[in-house]
Amino acid sequence: MKSMTCCFSEETLILMADGSLKRVNDVKNGEWVASIDGKTEEVCCDVDNEVEEYFVLQTKAGHQIEITGEHPMMTPDGWKTVKELSVGDSVMRMEVLGGTSTFDEITVLTIVKERRKMYNLICEDCAIIANGFVCSDFHMQYKLVVLSRL
């Protein structure tokens, strides 16, 4: 279940607690990332490994992210994994720390079957902002995806 732990391509920009953006592969343990509602969270662990497939998700406003299918994203109906989403669904976006969140319609959702190194962050069960999309960290992902299967 490698795709469970590593979900973002290295180009993915993470919104940091100070409002700056940093590539996910450059975020390290002990750094602080932005979460929703103006909160910040400390990174407990950064992880990476290779996956066999991932998705390219694009929105009506032109935003894009490369992300694995098991990763949850916030929608108007709550958390859904990328595999549960379809073109026409909306996902939450937040551009700046403490900013207003909006929903943006998915216009492209393509699966790419290609071996690739992906990355994820482990915080204390929080939402992180990746390329402006509201996504879960590993702890929240584990609770939402794995524990729901038990």
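These are my notebook entries on what I looked up in this predicted model.

**Entry 1: the overall layout**

I began with the protein chain as a whole. I counted 2 helices and 12 strands in it. Reading along the sequence, I wrote down the order as α-β-β-β-β-β-β-β-β-β-β-β-β-α, with a helix at the start and another at the end.

Next I looked up burial and surface. Of the 150 residues in the protein chain, 45% are buried. The exposed surface comes to about 7000 Å², and carbon and sulfur atoms supply 49% of that area.

I also checked how far along the sequence the contacts reach. Taking contacts between residues at least 6 apart in sequence, I found that 59% join residues at least 24 apart.

**Entry 2: the nonpolar cores**

I went looking for nonpolar cores next. In soluble globular proteins, nonpolar side chains tend to be buried together. The largest core here has 25 residues. Which of its members touch the most other members? My list reads F8, I14, V33, L57, I65, M73 and L121.

I then asked which elements give two or more residues to this core. They are strand 5, strand 6 (64-67), strand 10 (102-122), strand 11 (127-130) and strand 12 (133-136). Strand 10 provides the largest share, with 3 residues.

Apart from this core lies another one, of 8 residues. Among them I noted A34, M94, A127 and I129.

**Entry 3: a closer look at A127**

Since A127 turned up in the core of 8 residues, I followed it up. A127 is found in strand 11. It counts as buried because its relative accessibility is 3%, under the 20% cut-off.

Leaving out residues up to four places away in sequence, I listed what A127 touches: A34, S35, I36, W79, V134, C135, S136 and M140. I also took one C-alpha distance for the notebook: A127 and M73 are 54 residues apart along the chain, and their C-alpha atoms are separated by 8.9 Å.

**Entry 4: the cysteines**

C135 was on the contact list of A127, and that made a good cue to check the cysteines. A disulfide is a covalent bond between the sulfur atoms of two cysteines. How many disulfides does a search of the whole structure find? The search gives 0. For C135, the nearest cysteine sulfur is that of C7, and it is 8.8 Å away.

Are C123 and C135 buried or exposed? C123 is buried, with a relative accessible area of 0%. C135 is buried too, and its relative accessible area is also 0%.

**Entry 5: T59**

I turned to T59, which sits in strand 5 (residues 45-59). Its relative accessible area is 4%, so T59 is buried. I found a polar contact of 2.5 Å between the side chains of T59 and D104.

Not counting residues up to four places away in sequence, T59 touches V91, D104, E105, I106, T107 and F133.

**Entry 6: salt bridges**

Side chains of opposite charge can pair when their charged atoms come close. My count for this model is 10 salt bridges, and I looked at several of them in turn.

- R23 and E10 meet through their side chains at 3.3 Å, N to O. R23 lies in strand 2 (residues 21-23) and E10 in the loop between helix 1 (2-5) and strand 1 (13-15), so the pair ties together parts that are 13 residues apart in sequence. R23 is partly exposed at 32%, and E10 is partly exposed at 29%.
- E11 pairs with R116, and their closest N and O atoms are 2.7 Å apart. E11 belongs to the loop between helix 1 and strand 1 and R116 to strand 10, so this pair ties together parts that are 105 residues apart in sequence. Are the two partners buried or partly exposed? E11 is partly exposed at 39%, whereas R116 is buried at 15%.
- D48 pairs with K117, with 3.5 Å between the closest N and O atoms. D48 is in strand 5 and K117 in strand 10, so the pair ties together parts that are 69 residues apart in sequence. D48 is partly exposed at 38%, and K117 is partly exposed at 37%.

My last note is on shared partners: salt bridges join E11, E66 and R116 into one network.

Methods:
Residues are numbered from 1 along each chain as its sequence is written. This is a predicted model: local features need pLDDT of at least 70, side-chain atom pairs count only at pLDDT 80 or more; totals for chains, interfaces and linings use all residues. Side-chain values use heavy atoms; hydrogens and water are left out. Helices (H or I, at least four residues) and strands (E, at least two) are DSSP runs, numbered from the N terminus. Buried means under 20% relative accessible area, exposed over 50%, partly exposed in between (1.4 Å probe, protein chains only). A polar contact is a pair of N or O atoms within 3.5 Å; within protein, one must be able to donate a hydrogen and the other to accept it, and residues adjacent in sequence count only if both atoms are side-chain atoms. Contact means heavy atoms within 4.5 Å. Accessible areas come from the Shrake-Rupley method with a 1.4 Å probe; for residues, only the protein chains shown count as cover. A disulfide is a pair of cysteine sulfur atoms within 2.5 Å. A nonpolar core is a set of buried Ala, Val, Leu, Ile, Met, Phe, Trp, Tyr and Cys residues joined through side-chain atoms within 4.5 Å. A salt bridge is a side-chain nitrogen of Lys or Arg within 4 Å of a carboxyl oxygen of Asp or Glu.
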